[in-house]
Amino acid sequence: MRKLFEAEKPIVKFLLNRANLSVNIDELLVSNMSDGGMGSLFIGENNTLRTFGEKISECSFNGIDGVLVSATLNLDQNGDLFEIDIWKTNFSPLLKWPNESDIVAGAMQ
């Protein structure tokens, strides 16, 4: 488990704001998911005991390689923060996290 990297914070803040959640992101603990380097993060501990519950916010941005990237904030089965799921439409690794100005609300078009 680790704290968020500075580069990850803009998208996490954006997703939390879209979900109307007030969370101190400086205290969030995350771990990287095995997703081929796309950047997905588990939030919190004991991820093997938790399962997906529901998606509560989403956004998208264009990667620096021009590939569209989707990000969703998900809760677990108990309504707790569970994961930030990052998906690049070509399944390649995320090269750079977006700046706040690069993030677009809603699903990919």
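A polar contact is a pair of N or O atoms within 3.5 Å, and within protein one atom must be able to donate a hydrogen and the other to accept it. The structure discussed here is a predicted model.

Q: Which backbone oxygen does the side chain of Arg 50 reach, and at what distance?
A: Arg 50 has its place in the loop between β3 (41-43) and β4 (52-62). From there its side chain reaches back to a residue within the range of β3 (41-43), and the partner atom is the backbone oxygen of Ile 43, at 2.4 Å.

Q: With which side chain does the side chain of Arg 50 make a polar contact?
A: Leaving aside neighbours within four places in sequence, the residues in contact with Arg 50 include Gln 77, Asp 80, Leu 81 and Phe 82, and Asp 76 is listed with them. A polar contact requires N or O atoms within 3.5 Å, and at 3.1 Å the side chain that makes such a contact with the side chain of Arg 50 is that of Asp 76.

Q: Is Arg 50 buried or exposed?
A: A residue counts as buried when its relative accessible area is under 20% and as exposed when that area is over 50%. Because the relative accessible area of Arg 50 is 14%, this loop residue is classed as buried.

Q: Is Thr 72 buried or exposed, and in which strand is its place?
A: The relative accessibility of Thr 72 is 11%, and the cut-off for burial is under 20%, so Thr 72 counts as buried. Leaving aside neighbours within four places in sequence, Thr 72 is in contact with Leu 15, Lys 55, Ser 57, Glu 58, Glu 83, Ile 84 and Asp 85. This buried residue has its place in strand β5 (residues 68-76).

Q: What pattern does the protein chain follow along the sequence?
A: The protein chain contains one helix and seven strands. Read along the sequence, a strand is followed by the helix and then by the other strands, which gives the pattern β-α-β-β-β-β-β-β.

Q: Why is the protein chain described as being as compact as a globular protein of that length, and what is its radius of gyration?
A: For 109 residues the globule rule gives 13 Å, and the chain comes close to that value, so it is as compact as a globular protein of that length. Its C-alpha atoms fill a box of roughly 35 × 30 × 25 Å along the principal axes, and its radius of gyration is 13 Å.

Notes. Residues numbered from 1 in each chain as written. Predicted model: local features only at pLDDT ≥ 70, side-chain atom pairs only at ≥ 80, totals over all residues. Heavy atoms only, no water. Helix = DSSP H or I, 4+ residues; strand = E, 2+ residues; numbered from the N terminus. Buried < 20%, exposed > 50% of the residue type's maximum accessible area, 1.4 Å probe, protein only. Contact = heavy atoms within 4.5 Å. Rg over C-alpha atoms; globule rule 2.2 N^0.38 Å.
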